[in-house]
Amino acid sequence: MKLDQTDLKLIELLQKNCKQTTKELADQLDLSTTAVYERIKKIEKQNIITDYVAIINKDKINRSFIVISHVKIKSHSKDAILKFEKKVNQIPEVLECFHVSGEYDYILKIGVQDMEAYREFMLSKLTTMEEVQSTHSMFVIKEVKNLKTYSIL
C-alpha cells in the first residue's frame, strides 16, 4: 500500500494523540470526517497501525528503576530459544526483549521498583530459567531519549 502525505500526517497526528475524534483529525487535515475515517480503516486494515495504547508514567506505578540485562542462553536450539522467549513474554517486569547477535543472545529492558526488587527478580525469575546460562546487567542512570512513536515524515 502506498501512503500519501495526508496518510503520513494522519498517522503522525494519531501517534501524538490517538484519542482525538475523527472530527478533530478532519479539521487538522482539512478533510471530511468520512474521508478521515476511511483512511484510518485503510491504514488499520494494512496493519500499519496495529494497536492503540496508553503510555504509563513508570514513576506512578513504582517501576522507575530500569535495568538493561544481557542474557546468554545455554543452547541455541530452536526449542530452547522458543522456550526462553515464551517464558520472558510471561514476566511482567520485562518491558522489552530483543534477540540479538554478538556475545549475548538477548537484551532485556526490565522495570522494577528498586535495586532490592531487581535482586528478587533475578533470584526468583530470570536466573531460575533452565535456559539461562549467564546475565550481565546495567542500571539506567537517566533516560535521555525514549521515543514512543516512529517518525514517518
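This passage describes a four-stranded sheet and helix α4 in a predicted model.

The sheet is open, and its four strands follow the order β2-β3-β1-β4 with antiparallel pairing. Strands β2 and β4 lie at the edges, each pairing on one side only. From one strand to the next, the twist averages 20 degrees.

Within this sheet, β1 and β3 are joined in the antiparallel sense by seven bridges. Residue H70 stands opposite I107 of β3. Strand β3 also runs antiparallel to β2, with five bridges between the two. Here C97 is placed opposite L108 of β3. Strands β2 and β3 form a hairpin in which six residues separate them. In the turn of this hairpin, G102 has a positive phi of about 110 degrees.

Helix α4 comprises 12 residues, 78–89. The distance from its first C-alpha to its last is 16 Å, close to the 16 Å expected at 1.5 Å a residue. Four residues of α4, namely A80, I81, F84 and V88, are buried. Viewed down the axis of α4, the buried residues fall within an arc of 100 degrees and therefore line one face of the helix. In an α-helix there are 3.6 residues a turn, so residues three or four places apart point the same way. On the other side of α4, K78, K86 and N89 are exposed.

The helix and the strands are in contact through the buried residues of α4. The elements that cover these residues include β1 (65–73), β2 (94–99), β3 (106–112) and β4 (132–139). The edge strands β2 and β4 are thus among the elements covering the buried residues of α4.

Key. Residues are numbered from 1 along each chain as its sequence is written. This is a predicted model: local features need pLDDT of at least 70, side-chain atom pairs count only at pLDDT 80 or more; totals for chains, interfaces and linings use all residues. Side-chain values use heavy atoms; hydrogens and water are left out. The expected span of a helix is 1.5 Å times one less than its number of residues. Buried means under 20% relative accessible area, exposed over 50%, partly exposed in between (1.4 Å probe, protein chains only). The arc is that of the directions from the helix axis to the C-beta atoms. Contact means heavy atoms within 4.5 Å. Two strands pair if DSSP finds at least two bridges between them. Axes are lines fitted to C-alpha atoms, for helices over the stretch in contact, and angles run from 0 to 180 degrees between N-to-C directions.
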